[in-house]
Amino acid sequence: MPNGNTDPVFSLVNSLTRSEKRHFRLFCNRQGSTEGLKFLQLFDALDNLEQYDEERILAQVPSIKKIQLANLKANLYRQLLSSLRVYQAHQNPDIQLHEQLDYARVLYNKGFYQQSLKMLEKVKAAAQQAEMPHVALIAIDFEKMIESQYITRSLQGHAEVLAAEAQDTVKHLGQLHELSNLSLRMYGLYLKVGHARNQEDNEEVTSFFRSNLVSLDLPEAGFFEKLYYYQAHVWYYTIVQDFKACYRYAQKWVDLFEETPAMKDAQTMLYIKGLHNLLAVLYNLLYYSKFMEVLKTLEEFAADQDRRTTPNTEILLFLHIYQHRINAYFMEGRFTDGLAIVPELLEDMHEYQRQLDPHRVLVLYYKIASLYFGSGDNRRAIEYLDKVIHHREGSLREDLQCFARILRLIAYYEAGEDDGLEYQIRSVYHFLGKMNNQQQMQVEIFRFLRNLGNVEPTRVKEAFINLKEKLISIADNPFERRPFLYLDIISWLESKIEGVSVQDIMKRKVLQMK
């Protein structure tokens, strides 16, 4: 029986482009005839499969015995990676630099010390220019070893220079690692808990951030030191919901690439993520005109096919362009128009399913559900909210899980599903009870929907008005604003009070945005 598509060798073969497959065959042929190479026969067999199936492989290639398959797959995997390393070298300066380090080692082993030192000097200069201090440090350490062990006649007057270079590189590398560690940990914290829920959360996050933040001399800092410094601030201000400060640092992140255009090609992923985070904070600030300007920048960048050189780039552009196009529909109140992109979004999600992380999947499902809810299709909204709620990685984004349940509760009410509503009320009550920290907005909406069935029909509108006033009062507390980032409950209440659609309310609000 087929074993699915989880086999790593099959997955790698299946991911190759036509050009990469052609290169692999040429790579295998570099030493002459490929006739009789069983790993190449295995490659052809895997390339013809839609699903990994060992029995079919053995039937297609009788010369391969079952006992040989594991070793052949391991050999094929190594050959594929070697071929891809050569194929991708021109796109990755670090691959080229490491190759030159290998050449320097070969020259050293042959006793050609001066030639090795010249090679290392080139590597060091190129690494510093490419903002890769870790590679430069390897070259410096190798250079010091050669100079200290052999009489190369180049050490005179050079020892102090080498020592100073090493010291300066270590200093920058240390700062870079501390800042990248802080940025990563802040991002991990955001993925786990989302935004700060109360003053205690705020103080804990602030204390952690400040105690781990390196004092950085920005004018003297390298590209990556500045980048991780800005990144760490973006995540910190996102968690504590200081979106104006977050906007400043997200803009600095993008400006850093605008000031160093070559890095847009060398570090494409980080540039795209910078634009994404800038768009995210502009959406939270409802800064519509700037949001549309930055979205245009992202789309124009994506339109340049020369920059879509790797699957990583393709996946990141797919994720962020769809996410922010949907956000644009939200801001404009064009929910029904936004549904037009859902089929192609789902098709691309299926294509990239192996590479998508659970967090991104949850966000996309929630946004699709919100489009359906805003357009009035509550049953389809419930369908996609269920995908968020029942996702197997339940530990991710507890806040998103919570608001998905509340939105589903509202969708059941709107759909007139009275029987389902009673079950959903019990389900949300159980979930809220397990949460470490319930927020007032969640509690008030839950209480309102639970008691709505007991309100006289003539007083329903009054009940909606009272809830709106309570929620507006709650939103005055900065730590209670977090729910409104996930669920525009105020616009929904206004639609119920005025007897118009949520779309009409949002279209009216966009006229008031910057």
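Where is the place of E131? The legends below take up that question and a few others, all on a predicted model.

**View 1. E131, a residue with positive phi in a loop.** Look for E131 in the loop that runs between α7 (113-129) and α8 (133-149). Its phi is positive, about 60°, although E131 is not a glycine. With a relative accessibility of 25%, E131 counts as partly exposed, because that class lies between under 20% for buried and over 50% for exposed.

**View 2. L286, with positive phi in the loop between α14 and α15.** Here the loop links α14 (268-285) to α15 (288-303), and L286 sits in it. This residue is not a glycine either, yet its phi is positive at about 55°. L286 has 40% relative accessibility and therefore counts as partly exposed.

**View 3. Helix α24 and its buried face.** Helix α24 covers residues 460-474, 15 residues in total. At 1.5 Å a residue the helix should span 21 Å, and its end C-alpha atoms are indeed 21 Å apart. Its buried residues are A463, F464, L467, L471 and I474. Viewed down the axis of α24, these buried residues fall within an arc of 100°, so they line one face of the helix.

**View 4. E444 in helix α23 and its contacts.** Helix α23 (residues 440-451) is home to E444. Is E444 buried or exposed? At 15% relative accessibility, E444 counts as buried, because the cut-off is under 20%. The side chains of E444 and R447 are joined by a polar contact of 3.1 Å. Setting aside neighbours within four places in sequence, E444 is in contact with L467, K470, L471 and I474.

Definitions and conventions: Residues numbered from 1 in each chain as written. Predicted model: local features only at pLDDT ≥ 70, side-chain atom pairs only at ≥ 80, totals over all residues. Heavy atoms only, no water. Helix = DSSP H or I, 4+ residues; strand = E, 2+ residues; numbered from the N terminus. Buried < 20%, exposed > 50% of the residue type's maximum accessible area, 1.4 Å probe, protein only. Expected span 1.5 Å × (residues − 1). Arc of directions from axis to C-beta. Polar contact = N/O pair within 3.5 Å; in protein donor to acceptor, adjacent residues only side chain to side chain. Contact = heavy atoms within 4.5 Å.
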